[in-house]
Amino acid sequence: MKDAARPMTVDDPFKHSSLGSGIFYKDPRAALIWLEKAFGFEPSMVVSDADGRLVHSEMRFGDGYIIVDSEWADHVARIFHVLTEAYPALAK
């Protein structure tokens with residue numbers, strides 16, 4: 001693993017990510033695979049519940065990270081629909 005992509009540890013309390021964001025998908029497991037293949041993000045945390053449903057995940061790229069989770073509430077799911085109505089190419 002490249003040094004820039006290594007996860008931050010408690011040993012380095014003053015190092016902060018340059019970018020952190022969250023994105024939400026209907027199928028977050030498929031999104032993890034796609035984001036890794038398409039952009040080179042590396043999974044750094046994947047948490048599942050007892051039934052195998054993804055409940056939280058994080059991916060890193062350099063010293064930045066993204067949280068990849070499911071659409072868990074109407075207000076979270078709605079942003080996808082707003083964006084795809086305004087920009088239909090995003091839905092493809």
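The exchange below discusses a predicted model, its nonpolar core and one buried charged residue.

In this predicted model, local features need pLDDT of at least 70 and side-chain atom pairs count only at pLDDT 80 or more, while totals for chains, interfaces and linings use all residues. Residues are numbered from 1 along each chain as its sequence is written, and side-chain values use heavy atoms, with hydrogens and water left out.

Trainee: What does the protein average in pLDDT?

Mentor: pLDDT is the predictor's confidence in each residue, from 0 to 100. At least 70 is the score of 61% of the residues, and the protein's average pLDDT is 75.

Trainee: Which element gives the most to the largest nonpolar core?

Mentor: A nonpolar core is a set of buried (under 20% relative accessible area, 1.4 Å probe, protein chains only) Ala, Val, Leu, Ile, Met, Phe, Trp, Tyr and Cys residues joined through side-chain atoms within 4.5 Å. The largest one here has 8 residues, among them Phe-41, Met-59 and Ile-66. At least two residues come from each of α1 (28-39), β3 (54-61) and β4 (64-70), these being DSSP runs (H or I of at least four residues for helices, E of at least two for strands). With 3 residues, the element that gives the most is α1.

Trainee: Which side chain of opposite charge is nearest to Glu-58?

Mentor: Glu-58 lies in strand β3, and its side chain makes a polar contact of 3.0 Å (N or O atoms within 3.5 Å, one able to donate a hydrogen and the other to accept it) with that of His-56. His is not counted as charged, whereas Lys and Arg count as positive and Asp and Glu as negative. Glu-58 is buried without a salt bridge (a Lys or Arg side-chain nitrogen within 4 Å of an Asp or Glu carboxyl oxygen), and the nearest side chain of opposite charge, 5.6 Å away, is Arg-60.

Methods
Buried means under 20% relative accessible area, exposed over 50%, partly exposed in between (1.4 Å probe, protein chains only).
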